[in-house]
Amino acid sequence: DTLASCGSIATPAPTDAAPVAPLLSVRGLSIRFATARGAVHAVSDVDLDLQAGRTLAIVGESGSGKSTLGRTIVRLEQPTAGTIRFEGQDITRLSVEERVELGMCLVPEKRELFTEMSVEDNLYMGAFSRTRRKKDMESDLQAIYIRFPRLLERREQLAATLSGGERQMLALARALMARPRLLMLD
């Protein structure tokens, strides 16, 4: 499971430069779920910072809360405590849609493709939140096909008929079509 910042790779700032706010900052984040047996603490008191242009890996055993952390950062889960800041702005209470508009994107573990749509339609869905000219979207699509030539070969094929590896490529490519500032891979 990885949280990665997209965009150009930043060069280290000179030591006398003013500190730059992290792209993503999480403080005291806790997530609890109610179950028939009582409350389950999925994530407890997490602090992390991710600078733009950097990569951060979250590792742990199965069931340790890695997926829940990513889902909470994009607001698919609700935190019980803590704050989330993106580019210095407190986004703890913002909706999923508002976070996507800010440039956050999660590629879920199960991929969650639109299986009854073509590969190309899935890619266009990745760009739905971006208000760009059609020319820009076509340029992005061509860049995706250069990066993932197998998807170009399969562009008219239904996503449901792709192999597991092809589905993973499509899930990542669809996320890249959004031009995310923060790309999280589960």
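In the predicted model, Ala34 stands opposite Ala39 of strand β3. This pair belongs to the ladder between β2 and β3, in which strand β2 (residues 24–35) and strand β3 (residues 38–50) run antiparallel and are joined by nine bridges. The connection from β2 to β3 is a hairpin of two residues. Val26 of β2 has Leu48 as its bridge partner in β3.

Val26 also stands opposite Ile84 of β5. The residue thus has a partner in β3, Leu48, and one in β5, Ile84. Between β2 and β5 there are five bridges, and the two strands run antiparallel. Strand β5 (residues 81–86) is in turn paired with β6 over two bridges, again in the antiparallel sense. In this pairing Phe86 lies opposite Gln89 of β6.

Together these strands make up an open sheet of four strands with antiparallel pairing, in the order β3-β2-β5-β6. The edge positions are taken by β3 and β6 (89–90); each has a single partner strand, so one side of each has no neighbour in the sheet. For β3 that partner is β2, through nine bridges, and for β6 the partner is β5, through two bridges.

Among the helices, α3 and α6 were examined as a pair. Their axes come within 6 Å and cross at roughly 40°. Angles under 35 degrees count as roughly parallel and those from 65 to 115 as roughly perpendicular; α3 and α6 are therefore oblique to each other. The crossing of the two helices is right-handed.

Helices α3 and α6 also contribute to the lining of the largest pocket. The space in this pocket amounts to about 630 Å³. Its lining consists of 23 residues, and those closest to the pocket centre are Val100, Cys105, Leu106, Phe128 and Arg174. At least two lining residues come from each of α2 (96–102), β7 (104–107), α3 (119–126) and α6 (164–177). By class, 15 residues of the lining are nonpolar, two are polar and six are charged. Of the residues closest to the centre, Val100, Cys105, Leu106 and Phe128 count as nonpolar and Arg174 as charged.

Terms used:
Residues numbered from 1 in each chain as written. Predicted model: local features only at pLDDT ≥ 70, side-chain atom pairs only at ≥ 80, totals over all residues. Heavy atoms only, no water. Pairing = 2+ DSSP bridges. 1 Å grid on protein atoms, 1.4 Å probe; cavity = no way out; pocket = protein on both sides within 12 Å on 5 of 7 lines; lining within 4 Å. Points joined across faces, edges and corners; volume = space filled by probe spheres on them. Axes fitted to C-alpha atoms, helices over the stretch in contact; angles between N-to-C directions. Parallel < 35°, antiparallel > 145°, perpendicular 65-115°, else oblique. Left-handed = near helix turned anticlockwise from the far one by under 90°.
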